[in-house]
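Take a look at the chain below. This report starts with one helix and works outward.

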Amino acid sequence: IALLNLHHTLEGLQHTHIVVVSRADMDLYINKWTNHVIMVLPESADHHGYGVYHYWIKRFAETNYRNERQRRSVSCWPFVTILKDNCATWTMATVPDPPSTAVRSEKTVSLRTVLCHMERTPELTKFAAIYTTYWRNTSKLSAPFDRGFTECVQLVNVDLSKDIQYNRERHMNASLEFYRLLNYSGLVTCRFNLFKTQLRYLKSGGDTSSSPEKVLPVTVYNPTTESIAVSKLITLPDKAESLALPVPSHYLLECFLHQGAYEVLFSTVPKSHPILQLECYFSLGESVNTISASLQNLPSL
């Protein structure tokens, strides 16, 4: 149900591994992984999106960080590592010269190699978050570092980011929205493009999808393999036929914006006119250009 045995990929490195699960998945994890520390979320978390896991992980890490500082009266390590439970393999690419013309070569590395490389970043504690990206079948390598947004292996600075939280209602792109909020606040993030993470499809458990665009609340309903037409996501009070979907309303909203925003809402908007998103991030599909901003950074009118 999950890939939780990190002993080999961490090469025996001493670490504290806490598995965060919903109450609906509690018995599955406890019966399968009897030797792991499992933190069960409140029952109310079953009715939120996938972002609720990251929300409670970060809140737990913040509380632990504050308590440790009070106990030791010295500075403590402010980072928490957040992983999905279906991370299978990590690869590291060589640095081509120049990056835009060379062909990428990769080799499989351990999670310990990835984390140690990230932790050697100069002035690491000035970063609010650093993270890797997903594996893509491409021979080209972008810049080794940038401020792009993905939601894979994450090192989150719970001290610098204490005023910003994950959105518990988000089912997709919860981390992408979180990173944007960090940048809106003037905090620094960094993506390591040299490292890629491959995910494995899981039939049950917390994250049953190997695609970052298909994070489904499996504790609420069982997703089907059949695609749903965008027209069925919209209904009117006097419509004779409507499709009743046993899914959260916020998930339907995110699906509609991703699949049908261009067709229904923005088909007449020129690509030269991006859609402004304030204090949030929603995927509106590849046909819609967007720009994100914060209310606190907008000029006064």
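## A helix on the inside

Eleven residues of H4 are buried: Ala174, Ser175, Leu176, Glu177, Phe178, Tyr179, Arg180, Leu181, Leu182, Asn183 and Tyr184. The model is a predicted one. Helix H4 spans residues 174-184, and 11 of its 11 residues are buried, so the helix is largely enclosed by the rest of the structure. Buried here means under 20% relative accessible area.

What does the covering of the buried residues of H4 include? Helix H2 is part of it, and so are strands E6, E8, E9, E10 and E11. Just after H4 comes Gly186, with a positive phi of about 85 degrees.

Now pick out one residue. Ser175 sits in helix H4. Its relative accessible area is 0%, so Ser175 counts as buried. Which side chain does the side chain of Ser175 join in a polar contact of 3.2 Å? The partner is His54.

## Two of the covering strands

Strand E10 covers residues 275-278. One face of E10 is covered and holds Ile275 and Gln277. The other face is uncovered and holds Leu276 and Leu278. Strand E11, residues 290-293, pairs with E10 in the parallel sense, over 4 bridges. In this pairing, Leu278 of E10 stands opposite Ala293 in E11.

## The largest pocket

Next, the open space. The largest pocket has a volume of about 1,300 Å³. It is lined by 46 residues, and the closest to its centre are Thr16, His17, Ile18, Val80 and Thr81. By class, the lining divides as follows.

| Class of lining residue | Number |
|---|---|
| Nonpolar | 31 residues |
| Polar | 9 residues |
| Charged | 6 residues |

Which elements each supply at least two residues of this lining? They are strand E1 (18-21), helix H2 (51-72), strand E3 (79-82), strand E4 (87-93) and helix H3 (111-119). H2 gives the largest share, 8 residues. Helix H2 also helps to cover the buried residues of H4.

## The whole chain

Step back to the full picture. The chain has 5 helices and 11 strands. How much of the chain is buried? Buried residues make up 45% of its 301 residues. Contacts also reach along the sequence. Among those between residues at least 6 apart in sequence, 67% join residues at least 24 apart.

Definitions and conventions: Residues numbered from 1 in each chain as written. Predicted model: local features only at pLDDT ≥ 70, side-chain atom pairs only at ≥ 80, totals over all residues. Heavy atoms only, no water. 1 Å grid on protein atoms, 1.4 Å probe; cavity = no way out; pocket = protein on both sides within 12 Å on 5 of 7 lines; lining within 4 Å. Points joined across faces, edges and corners; volume = space filled by probe spheres on them. Nonpolar A, V, L, I, M, F, W, Y, C, P; charged D, E, K, R; others polar. Buried < 20%, exposed > 50% of the residue type's maximum accessible area, 1.4 Å probe, protein only. Pairing = 2+ DSSP bridges. Contact = heavy atoms within 4.5 Å. Polar contact = N/O pair within 3.5 Å; in protein donor to acceptor, adjacent residues only side chain to side chain.
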